[in-house]
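Visitor: I am new to protein structures and would like a close look at one part, the place where aromatic rings gather. Could you go slowly, and then lead me on to other places?

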Amino acid sequence: MRKLYSFFISCSVLFNLNGQQNLLINEKGYFEMQGLNVTVFSDVYPEGHQTGVSIIQHGSRVAANGDLRLEASPGQWSPMPKAGHKKVDLEKSTISQQLWYPDSSRNRKGFNPVLYPNLHFTYNIEVEVLAGSTFKITVNIDQPLPEEFIGKVGFNFELFPGELFGKSWLLDSETGIFPVQPNGPIADEFGENISRPMASGRKLLVAPECDNRRISIESLTGMVELRDGRSNHNNSWFIVREALKAGATKKAVEWIITPNVIEGWVYKPVIQVSQIGYHPKQEKKAIVELDPVETDIKIVQLYKLSENGKTLIKEEKPKAWGDFLRYRYYQFDFSEITTPGMYLVRYGDIESNPFKIDKDVYNRNVWQPVLEYFLPVQMCHMRVNEKYRVWHDYCHLDDALMAPADTNHFDGYRQGSSSLTDFESLQQVPGLAKGGWHDAGDFDLRVESQIGTIWKLALMIEEFGLDYDATTIYPEKQLVEIHQPDGISDAIQQIEHGLESVLGGYRSLGRLYRGIICQDLRQYVMLGDASAMTDNLKYNPGLSETEKTADESGKNDDRWVFTEENAWHELQVAGGLAAASRVLEKSNPELALECIETAEQLFKNAKMNQWVIPQQIIALTELYLTTKKDEYRKQLITNQGQIINNLSRCGWAAAHVMSQIDDKDFNQTIEKAVAEYQKNLLKEQQEDSPYGVPYKPRIWGAGWDIQRFGVEQYFFYKAWPEIVDSSLFVNALNFILGVHPGSNTASFASGVGSESVTTAYGFNRADWSFIPGGVVSGTALIRPDLPELKEWPFFWQQTEYVMGGGSTDFMFLVLAVDNLFR
């Protein structure tokens, strides 16, 4: 369908009688012409600048979130509308969306509760094509706004800053340049300090000097303001805004927008290769991503690099794979090339970054940055030094206060009416001011991310003999020195550090914590050194102000610890502790014993239900591997049917333990089911995309999911190499290292490869910087079909770092692929 439609679009219906190209609604429900797409509420994530009326100009999303908002410069926790019926009218060439305020599912409740004002209204946004690339936006509301909301409610249209810095704008008689940093003057508008409009007028020209970025925005109903939303929210964009007038209903806002389209523009070819390279024995395929209208398919060339420059090694026409998302794909197979060296691929006048072919390709500077940088830098309750640099000072030494009862925290934590412990609300909980890793840029410690990191490190030690030392860790001094070996395995030390938090919480609470997180939003959005979040002095609410000063008690800024009753997390921690116990048995037998005893107690106490069966099976496999107790073996065999029904969720764990279970019927039955599952899986991955992996992002990029999939496929392959194809986990690694859709082919692992993500959503994101070894979620899908990985530090859904899988899954995959070809 896509192939026929692309040809039809390119040759016929996009042109009017004068030969002019027109926007038309395509089969995916958005406006399209060569060089321009306009989507209308195709996506669902306004807090991530990812919905509303959006413009994709010459292949790049340059404007988004065109919608009514209740503030001039809204932020992540600002009120957002609820979307209703969407109507696509092919005859009239219009797309309209019904919306209303408030969204009752988010108003002071839900995972990320939002505080809405007492304002209820319904409205409709219609986008209509006029001619060529020009379209009209009309806003109709069902009733006039109350007087107190005049000036507050307006139509906002956001312009992506990253492609506008240093470019000019014209707004009627006023002119200017889009600044790199937000500037004043600052004014109080409706109780919030935001920058004054850069200008106001009827007609705005964006980047008039750039043919590929020029956009005209003209209001037929009032004055528009050009604002810099970054003055009150670092992650905001430039905003074009028109406030609704008193009494306005029908045609409350009418804008005419004309993005410039370069005649004959065609998407530039993209070559996708591993930014690291390939083992000589490895399958090697470069992917060429082309515009579907492209008919002149060029020769692909492979060059070897030497002192004489480039030497042509191979050339041939690429093999057509087909259409995926919005592009057409071709594959260039050079698997037969095994001579060690540096290479690059060329298509037309486009060249890939250089990459290596060698048996030692994964031996250095690939997985090592995770241990050398990322894990040490994320360590909580520590000072982290790297020679002259201090990554962060001592932090959160005042952890933690018991979270207040009946709290619905803004980042998804919920505390019930009881703490489920002997601790009262806001009472100090001992044993929590040591260990753990900060999760992403949020500085919180979620129990699943803590145990996930411990677990994967333990499995790497067990599977690949991981023993690497580049860091000194002083647990007593709470001090880290990067690139200063201390003679102890870094992985073991990191496991022990994580256990300080997980077991420390269990010792004090008698149960697991849900997580440890800051109290208020101002702390949560803090960027920079973790030590600045609190005063590192424990708050004691029972002391008077005089006593607090004398006792050096701190301010009420300590983080809160949340508790929960959650069988899934209890089983997950049980499995991770059991794995940790095995690798600690020689170096720290006392801690190893505590790990397995706690794991067994958690498993025993977990309230089993149908929902947690996959996690129960995973925990059983780890408990059996550690204890060899027959009761766990029998439970696994009894759950044979559940294992088969949940192969995609826990089959990998069964594979991990299969060689240890002496039961012929069980083994044969599971193997038969795995053979069918893997056969269908391989067929699905080969047909779904040219990448051979399950690229199915929701909001976040799919990189983390693909890594986890790859790790699980390793265990399937190890147990059943005759029926499982190793390409499923090899392809997963290639995807992370650069073989992924879209024009940005950077490695998702920061600092790894010829080109990598070096503007990332870590705690140093305000500096447009990165943490080596951090692995981002990567290329997101802007619905319905645009793969996007922008260079922008505030897209958590594309460039965020996380604990519990992001970097450790990557590290595992590298070691797994290296081990495969050894």
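Guide: What follows starts with the aromatic rings and then moves to other sites.

This is a predicted model, in which local features need pLDDT of at least 70 and side-chain atom pairs count only at pLDDT 80 or more, whereas totals for chains, interfaces and linings use all residues. Residues are numbered from 1 along each chain as its sequence is written, and side-chain values use heavy atoms, with hydrogens and water left out.

The structure holds 51 aromatic pairs, where rings of Phe, Tyr and Trp (its six-membered ring) pair if their centres lie within 6.5 Å, and where planes under 30 degrees apart count as stacked, over 60 as edge-to-face and the rest as tilted. Trp768 and Trp792 make an edge-to-face pair, because their ring centres are 5.5 Å apart and their planes stand at 85 degrees. Trp768 lies in the loop between helix 15 (727-736) and strand 41 (780-782), while Trp792 lies in the loop between strand 42 and helix 16 (796-799), so the pair ties together parts that are 24 residues apart in sequence. Helices (H or I, at least four residues) and strands (E, at least two) are DSSP runs, numbered from the N terminus. Trp768 counts as partly exposed at 32% relative accessibility, whereas Trp792 is buried, with a relative accessible area of 1%; buried means under 20% relative accessible area, exposed over 50%, and partly exposed in between (1.4 Å probe, protein chains only). Both tryptophans belong to one aromatic cluster, formed by Phe160, Phe165, Phe178, Trp237, Phe238, Trp768, Trp792, Phe794 and Phe795.

Rings can also have a charge placed over them, which is counted if NZ of Lys or CZ of Arg is within 6 Å of the ring centre and within 35 degrees of the ring normal. The charged end of Arg765 sits over the ring of Tyr761, 3.9 Å from its centre, and the charged end of Lys152 sits over the ring of Phe149, 5.3 Å from its centre.

Strand 42 also leads to an open space. It gives 3 residues, the largest share, to the lining of the second largest pocket, which holds about 820 Å³ of space. This pocket is lined by 39 residues, of which Gly742, Ser743, Asn744, Thr745 and Leu789 lie nearest its centre. The elements that give two or more residues to this lining are strand 5 (60-69), strand 21 (270-272), strand 29 (350-351) and strand 42 (786-788). On a 1 Å grid over the protein atoms alone, a pocket is an open set of points with protein on both sides within 12 Å along at least five of seven lines, a cavity is a set of points where a 1.4 Å probe fits but cannot get out, and lining residues have an atom within 4 Å of a point. Grid points are joined across faces, edges and corners, and a volume is the space filled by probe spheres set on the points. The lining of the pocket divides into 15 nonpolar, 16 polar and 8 charged residues, where Ala, Val, Leu, Ile, Met, Phe, Trp, Tyr, Cys and Pro count as nonpolar, Asp, Glu, Lys and Arg as charged, and the others, Gly among them, as polar.

As for closed spaces, there are 4 cavities of 30 Å³ or more, and the second largest cavity has a volume of about 100 Å³. Its lining includes Pro46, Arg69, Glu158 and His233, and the lining residues divide into 2 nonpolar, 7 polar and 3 charged.

Two single residues show what surrounds a buried side chain. Glu622, in helix 9 (residues 613-627), is buried, with a relative accessible area of 0%, and its contacts (heavy atoms within 4.5 Å) include Trp455, Arg582 and His656, not counting residues up to four places away in sequence. Tyr347, in strand 28 (residues 341-347), counts as buried at 2% relative accessibility. The C-alpha atoms of Tyr347 and Lys298 are separated by 6.6 Å, though these residues are 49 residues apart along the chain.

The backbone has some details of its own. A cis peptide bond, with omega about -5 degrees, joins Tyr101 and Pro102, and Pro102 is in the loop between strand 7 (94-101) and strand 8 (121-131). Arg108 lies in the loop between strand 7 and strand 8 too, and has a positive phi of about 65 degrees although it is not a glycine.
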